[in-house]
Amino acid sequence: MRYEIKGETLPVVICHLEGGEQMVNEGGSMAWMSPNMKMETTTNGGLGKVFGRMFSGEKLFLNRYTAMGGNGMIAFASSFPGSVRAFQISPGNEIIAQKCAFLASEASVDCSIHFTKKFSAGLFGGEGFILQKFSGNGILFAEFDGHVIEYDLQPGQQIVIDTGHLAAMSSSCQMEIVSVPGVKNMLFGGEGIFNTVVTGPGHVWLQTMPISNVAGALRPYLPTGNTN
């Protein structure tokens, strides 16, 4: 499978498949394709996978596309202004990503839910509670909000992240959700009451414009109540 990512603000990934090759995606992200691409809606792993996607905020069913009778082409478009990144997933090279990051992948990539070690901290930490882990062997396409900034953490090196800005990290990284120190900082600092601390070794991908921040910025300008 060959691919190309085009566009900056609203990117699209165009995949060129050989006969018999398969891609999976969530319903709604397919933008265009060649006529020989056959679609089949599937749980892609049974009932357990369905519940896992439900908890992680993804749609319950996936679409599997197969190139029939020769080479095929299919394009998947992002749903929000941001970035599309390609990850080569393999044993020992798994990725943990924010919920709703999945755009499309080769059929050989597996997705499962990933919890923080401290359940109670994750529960109150908002977006950091439920993440997705991508394993298997193949190419994953993930969509992130805004631009993506990357850091390579050495063993024991840490970075403190506002929870919504964590886009993805290597599975070798450790993650902990911590409260912002000081009651005054929590109540009047304007930065929320939880942060995410990621410890290396591993790679970290950060997003500059979480959709939750955009929603919060727009909320004061949206009409409230009945205007009639």
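How many salt bridges are there to visit in this structure? The count comes to three, and since this is a predicted model, each stop below describes computed geometry.

Begin by selecting Glu 4 and Lys 6, whose side chains meet in a salt bridge with an N to O distance of 3.8 Å. If you then display the surface around the pair, Lys 6 should be read as partly exposed, at 43% relative accessibility, and Glu 4 as partly exposed too, with a relative accessible area of 30%.

Next, select Arg 64 together with Glu 40, where the side chains form a salt bridge at 3.5 Å, N to O. This pair links distant parts of the chain, for Arg 64 belongs to strand E6 (residues 62–67) and Glu 40 to strand E5 (residues 37–42), with their positions 24 residues apart in the numbering. Arg 64 has a relative accessible area of 18%, and because buried means under 20%, Arg 64 counts as buried; Glu 40, by contrast, is partly exposed, with a value of 43%.

Finally, move to Glu 150 and Arg 85, which form a salt bridge whose closest N and O atoms are 2.5 Å apart. Colouring strand E14 (residues 148–153) and strand E8 (residues 82–89) helps here, because Glu 150 lies in the former and Arg 85 in the latter, so the pair ties together parts that are 65 residues apart in sequence. With the surface switched on again, Glu 150 is partly exposed at 38% relative accessible area, and Arg 85 is likewise partly exposed, at 24%.

Conventions. Residues numbered from 1 in each chain as written. Predicted model: local features only at pLDDT ≥ 70, side-chain atom pairs only at ≥ 80, totals over all residues. Heavy atoms only, no water. Salt bridge = Lys/Arg side-chain N within 4 Å of Asp/Glu carboxyl O. Buried < 20%, exposed > 50% of the residue type's maximum accessible area, 1.4 Å probe, protein only. Helix = DSSP H or I, 4+ residues; strand = E, 2+ residues; numbered from the N terminus.
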